[in-house]
Amino acid sequence: MSPKSLSFVCVSTIILVVSESQNTLNDVLFSGNYEFIDLTHPYDNSTIYWPGTQKFVFTKKIAGYRRDGTWYAANDFASGEHGGTHIDAPYHFTKSGQSVGDLPVETLIASLIVVDVSSMVNDDENFVLYKYHLKYLLNYNCDKTCLIIFKFGWSKYFNDRNKYLGIEENTDTLKFPGLSNEIAEWITTSYKTVVGIGVDVASVDPGSSDEFRVHKTLSQKGIYNIENVNLNLNRTIPEFGCTALVMPMLISQGTGAPVRLIAICPKVVPALYNV
Ligand SMILES: [Zn+2]
C-alpha cells in the first residue's frame, strides 16, 4: 500500500468515526434541536374514567422515618384499564386482536401527525368528523409508521367530568365529539402505515354512539387507539415532524392500559411535509 493510499484510509476512517459519532440517535435527541412534550393527563382523584370502570384509587400506605432515621414511602393503587390517557388494544373490540402485551414495541414509537379540527368543532358536543372536513389530509403521505392524533379541543374540559363526557342529569347518554366510521374506513384503506389513532376526548367514537363502529373498524385492522390525550398545553404542538412515544403499562392480557404519551418535536418545524 502506498503512503498516499494509506493516508486516504486514515482520513476516511477518521471521517467515518466523526460522522458516526454525530449521527447517533442520542446525538440527535440531545442536540438542543428537539423538545419533549408530555401529552398525558395525571392519575389522581380527578382522572376521568369511562362510566362503569374502576376509578383510580390511590392508597397511601407508608410514609415516614424508620428507626434508623432513614426515610421510606410506598403506596398502593388500583385502576381500570380505560381511564385517563390510555391505550385501547385491538382485543378491546376484536376477539382475535392483540392484547396490550401482544403489541410490538415497533408500533409504539411512531411519527406523529396532529390533525387540529378544534376550530371546526367550535365546542359543539355533537360534532362528528367526516371525510369532507379533511381533504387536506390527503396530502399527508404518512409514509412511515404513523400515529394520527385528532384534536377536537376537548382537553380543556378534563377537570369537569360532566362537561367532558357530556353527561346530562337523569339520562344515560354521553355527548362529546368524535370520528365517523367513514374516517376510520378511509384511514384503514388509504393509510397502510397508520398504527394508532389518538383523540383528546374519551372515545374515538362520538359520545352518543352505542355501536362503536370506529372502535370496531380500527381494531379489526390491528390499529390501537389512544383516548384522553392531553392537548391542553400552554404551547402548540406541530402538526407534523414530531415522533410519538406510546408507553403503555405492560398488562399482559390487557384490553387497554394507562399510557405515558410523549412527543419529541423539532424546535424548528419543517415548512412542508411530503406534499
Ligand atoms: Zn379505552
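A residue is taken as buried when its relative accessible area is under 20%, as exposed when that value is over 50%, and as partly exposed in between. In the predicted model examined here, H82 is buried by this criterion, and so is H86. Both histidines belong to the metal site, in which the zinc ion is coordinated by ND1 of H82, NE2 of H86, a carboxylate oxygen (OD) of D88 and a carboxylate oxygen (OE) of E227, at 1.9 to 2.5 Å. Along the sequence, these donor residues follow the spacing H-x3-H-x1-D-x138-E. The arrangement around the zinc ion is classed as irregular because the four donor atoms subtend angles of 77 to 175°, whereas a tetrahedral assignment would require all angles to lie between 85 and 135 degrees.

The count of disulfides comes to one. This link is formed by C242 and C265, whose sulfur atoms lie 2.2 Å apart, and it is right-handed, with 110° about the S-S bond. The pair joins distant parts of the chain, C242 being in strand β11 and C265 in strand β12, 23 residues apart. Both cysteines are buried, C242 with a relative accessible area of 2% and C265 with one of 0%.

Six salt bridges were counted in the model. One of them joins the side chains of R260 and D38, at 2.6 Å from N to O, and thereby links strand β12, which holds R260, to strand β1 (residues 34-38), which holds D38, across 222 residues of separation. Both partners are partly exposed, R260 with a relative accessible area of 49% and D38 with 29%. A further salt bridge is formed by K61 and D76, the closest N and O atoms being 3.4 Å apart; K61 lies in strand β2 (residues 57-65) and D76 in strand β3 (residues 71-78), 15 residues apart. K61 counts as exposed at 52% relative accessibility, while D76 is partly exposed at 38%. The side chains of D68 and R66 also meet in a salt bridge, with an N to O distance of 3.6 Å. Here D68 is exposed, with a relative accessible area of 52%, and R66 is partly exposed, with 48%.

On the surface, F58, F77 and M249 make a nonpolar patch of about 320 Å². M249 is located in the loop between β11 (242-248) and β12 (256-266). With a relative accessible area of 42%, M249 is partly exposed, and it therefore passes the cut-off of over 30% that applies to patch residues.

Terms used. Residues are numbered from 1 along each chain as its sequence is written. This is a predicted model: local features need pLDDT of at least 70, side-chain atom pairs count only at pLDDT 80 or more; totals for chains, interfaces and linings use all residues. Side-chain values use heavy atoms; hydrogens and water are left out. Patches are made of residues with over 30% relative accessible area and no salt bridge: like charges are joined within 9 Å, nonpolar side chains (Val, Leu, Ile, Met, Phe, Trp, Tyr) within 5 Å. Accessible areas come from the Shrake-Rupley method with a 1.4 Å probe; for residues, only the protein chains shown count as cover. A salt bridge is a side-chain nitrogen of Lys or Arg within 4 Å of a carboxyl oxygen of Asp or Glu. Helices (H or I, at least four residues) and strands (E, at least two) are DSSP runs, numbered from the N terminus. Buried means under 20% relative accessible area, exposed over 50%, partly exposed in between (1.4 Å probe, protein chains only). Donors are N, O and S atoms within 2.8 Å of the metal (3.2 Å for Na, K and Ca); water is not among the atoms, so sites may look incomplete. Four donors count as tetrahedral if all angles lie between 85 and 135 degrees; four count as square planar and six as octahedral if opposite donors are over 155 degrees apart and all others between 65 and 115; anything else is irregular. A disulfide is a pair of cysteine sulfur atoms within 2.5 Å.
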